[in-house]
Structures are given as structure tokens and as C-alpha cells.
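Colleague: I am new to this structure and would like to understand how its descriptions are justified. Could you show it to me, so that we can go through the terms one at a time?

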Amino acid sequence: MKSHEVLTLIEEITRNDGTKYIEISNMVQNGRAELAAERGFIKQVRILQLNIPHSPHVAKYEQYINENYTMPTEDMDHFEEWKKTPEMQKEVDIILKENHIS
């Protein structure tokens, strides 16, 4: 595993082109997104929901993220959007429905 992140929140990220996407994240990654926004790598990030339940869907997505991505350091020079497979997008969609965000 590349990382061992526990995903606990839902955030909305606005890319520099103005398009938005939803991510399942945690406070550390949200802090990195805030730093990325300050550095101009993304336009904005905002938390939509804190302390989401750790459902089987969150656990499955969390495993995918931990196996495929590493937490960026504070000296990052870009913001890496977590790309989702079609299967993982379905998991995220279910997580959003479970948390009444969709």
C-alpha cells in the first residue's frame, strides 16, 4: 500500500477552469487541497460533510486510494486529482447517496 489514509469527509473541489468534482477525503488531504488553492493549483475546496460513516463503500474506496495514491507533502508543486475507475466512481456515487449528497 502506498498510503494509509482514513477517509472521513466529503469535499467539493473547484478546478481552475471552474469545473467541480466531489471527493471523499480526510482533514489532512483537505489541508493539502487548501494549500493547493493558495498556490493556484486549484481554484477552491470546500467541505460538504464531516465525519461520514465508515460504510463498506467508504472502506472499499479508501482501499483503492491507499493502494494507488500517496498523500502529497507540503512542498507539492501541483495538485493530483484522484482518478476513479468506473467501479470506484460507482462506490463514490453510493457514498454520496448514503450521505444525502447527490
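Colleague: What makes β1 and β3 a pair of strands?

Modeller: In this predicted model, strand β1, residues 9-14, is joined to β3 by five bridges in the antiparallel sense, and since pairing asks for at least two bridges, the two strands count as paired. Within this pairing, glutamate 11 has isoleucine 47 of β3 as its bridge partner.

Colleague: Why are β2 and β3 said to stand at the edges?

Modeller: The open sheet holds three strands, with antiparallel pairing, in the order β2-β1-β3. Both β2 (20-25) and β3 (44-49) have a single partner strand, so one side of each is left without a neighbour in the sheet. From one strand to the next, the twist averages 30°.

Colleague: Which helix packs on the sheet, and which strands are touched?

Modeller: Helix α1, residues 27-38, packs there and touches β1, β2 and β3, while its direction makes about 150° with that of β3.

Colleague: How do you know that glutamine 29 is buried?

Modeller: Glutamine 29, which is found in helix α1, has a relative accessibility of 3%, and buried means under 20%, so the residue counts as buried. Not counting residues up to four places away in sequence, glutamine 29 touches Met71, Pro72, Phe79 and Trp82.

Colleague: Why are α2 and α3 called oblique to each other?

Modeller: Their axes cross at roughly 140° and come within 9 Å. Angles over 145 degrees would count as roughly antiparallel and those from 65 to 115 as roughly perpendicular, and roughly 140° belongs to neither range, so α2 and α3 are oblique. The crossing in which α2 passes α3 is left-handed. On the α2 side the contact is made by His57, Val58, Lys60, Tyr61 and Tyr64, and on the α3 side by Glu87, Met88, Glu91, Val92, Ile94, Ile95 and Glu98.

Colleague: Which residues touch the most other members of the largest nonpolar core?

Modeller: That core has 15 residues, of which Leu7, Ile10, Ile24, Tyr61, Ile65 and Ile95 touch the most other members. Helices α2 (56-68) and α3 (86-98) each supply at least two residues of this core. Leaving aside neighbours within four places in sequence, isoleucine 95 is in contact with Ile10, Ile24, Ile52, His57, Val58 and Tyr61. Another core, of nine residues, lies apart from the largest one, and Ile13, Tyr21, Ala33 and Ala36 are among its members.

How values were computed. Residues numbered from 1 in each chain as written. Predicted model: local features only at pLDDT ≥ 70, side-chain atom pairs only at ≥ 80, totals over all residues. Heavy atoms only, no water. Helix = DSSP H or I, 4+ residues; strand = E, 2+ residues; numbered from the N terminus. Axes fitted to C-alpha atoms, helices over the stretch in contact; angles between N-to-C directions. Contact = heavy atoms within 4.5 Å. Core = buried A, V, L, I, M, F, W, Y, C linked by side-chain atoms within 4.5 Å. Buried < 20%, exposed > 50% of the residue type's maximum accessible area, 1.4 Å probe, protein only. Parallel < 35°, antiparallel > 145°, perpendicular 65-115°, else oblique. Left-handed = near helix turned anticlockwise from the far one by under 90°.
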